[in-house]
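Grab a viewer and work through two short exercises, one on a single residue and one on a ligand site. Try each task before reading its solution.

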Amino acid sequence: MCTLKAIIAPSVLASDISKLSEETNRMEELGAEWIHLDVMDMHFVPNLSFGPPVINNLKKYTNKIFFDVHLMVENPEKYVELLKTSNQLTFHFEALNEDIDRCIQLAKEIKKNNLWVGVSIKPKTNIEKIVPLLDTNLIDTVLVMTVEPGFGGQSFMHDMMPKVSFLRTKYKNLNIQVDGGLNIETTEISASHELT
Ligand SMILES: O=C(CO)[C@H](O)[C@H](O)COP(=O)(O)O
């Protein structure tokens, strides 16, 4: 049986980005334990958000909220040194050309900095491809994208749920995260697949 607890990580992209520290504190006061920070570089995804200077500054104005950084970037290796103030760094399997050895190297580098390691997969990527990486026990979280990464406001892809069930069946203690198109209904659907 899975003993992990459910966590909601509000996305900074959904906030008034001109008031980042107030918005983050507001989420914390409302009970959020994690905040999700989407770094986009206009290369891995066709959109640009914010990067290490903004995240590192924001960290100074928050108390204990967990900084869950989702790197939607090419060459995520370049960001580890720059984002040591965060708590979890999630890189995209596809950004490393699906190269397991490169993923292992990066995961070790992130761990060396005492951060949690996340790996994310895009909707079209077969979940079984990351099994050799998960079997190393270096990964704390798998982020299953339930929209094409890059933009908010897209519809939740229900056909990603078998990936969640696959992961939970095989890895009882893995954190499984979903991102994109989440609302009360789709959050419940996602959670129910985590329980299978
Ligand atoms: O990673 C993401 C998109 O690439 C985001 O987290 C996305 O912004 C989620 O937004 P929404 O809840 O509107 O789908």
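Keep in mind that this is a predicted model; the exercises and their solutions follow.

**Exercise 1.** Find where Met145 sits, decide whether Met145 is buried or exposed, and list what Met145 touches.

*Solution.* Start with the secondary structure: Met145 belongs to strand β5, which covers residues 141-145. Next, check the surface. The relative accessible area of Met145 is 2%, and the cut-off for buried is under 20%, so Met145 counts as buried. Now look for neighbours, skipping residues up to four places away in sequence: Met145 touches His70, His92, Ser120, Ile121, Lys122, Pro123, Met160 and Asp179. Finally, try a C-alpha distance: Gln177 is 32 residues from Met145 along the chain, and their C-alpha atoms are 8.3 Å apart.

**Exercise 2.** Locate the ligand, then work out which residues make polar contacts with its oxygen atoms and how much of the ligand the protein covers.

*Solution.* First, the location: the ligand takes up the space of the largest pocket. Two elements, β1 (34-40) and β2 (66-72), each give two or more residues to the shell around the ligand. In total, 15 residues surround the ligand, and the closest are Asp38, Gly150, Gly153, Asp179 and Gly181.

Then go through the polar pairs:

- Gly150 places a polar backbone atom 2.6 Å from a ligand oxygen.
- Gly153 has a backbone N or O atom 2.7 Å from a ligand oxygen.
- Asp179 uses a side-chain N or O atom, 2.7 Å from a ligand oxygen.

Last, the coverage: on its own the ligand has 380 Å² of accessible area, and the protein covers 83% of it.

Notes: Residues are numbered from 1 along each chain as its sequence is written. This is a predicted model: local features need pLDDT of at least 70, side-chain atom pairs count only at pLDDT 80 or more; totals for chains, interfaces and linings use all residues. Side-chain values use heavy atoms; hydrogens and water are left out. Helices (H or I, at least four residues) and strands (E, at least two) are DSSP runs, numbered from the N terminus. Buried means under 20% relative accessible area, exposed over 50%, partly exposed in between (1.4 Å probe, protein chains only). Contact means heavy atoms within 4.5 Å. A residue is near a molecule or strand if one of its heavy atoms lies within 4 Å of it. A polar contact is a pair of N or O atoms within 3.5 Å; within protein, one must be able to donate a hydrogen and the other to accept it, and residues adjacent in sequence count only if both atoms are side-chain atoms. Accessible areas come from the Shrake-Rupley method with a 1.4 Å probe; for residues, only the protein chains shown count as cover. On a 1 Å grid over the protein atoms alone, a cavity is a set of points where a 1.4 Å probe fits but cannot get out, and a pocket is an open set with protein on both sides within 12 Å along at least five of seven lines; lining residues have an atom within 4 Å of a point. A molecule sits in a cavity or pocket if more than half of its atoms lie within 2 Å of its grid points.
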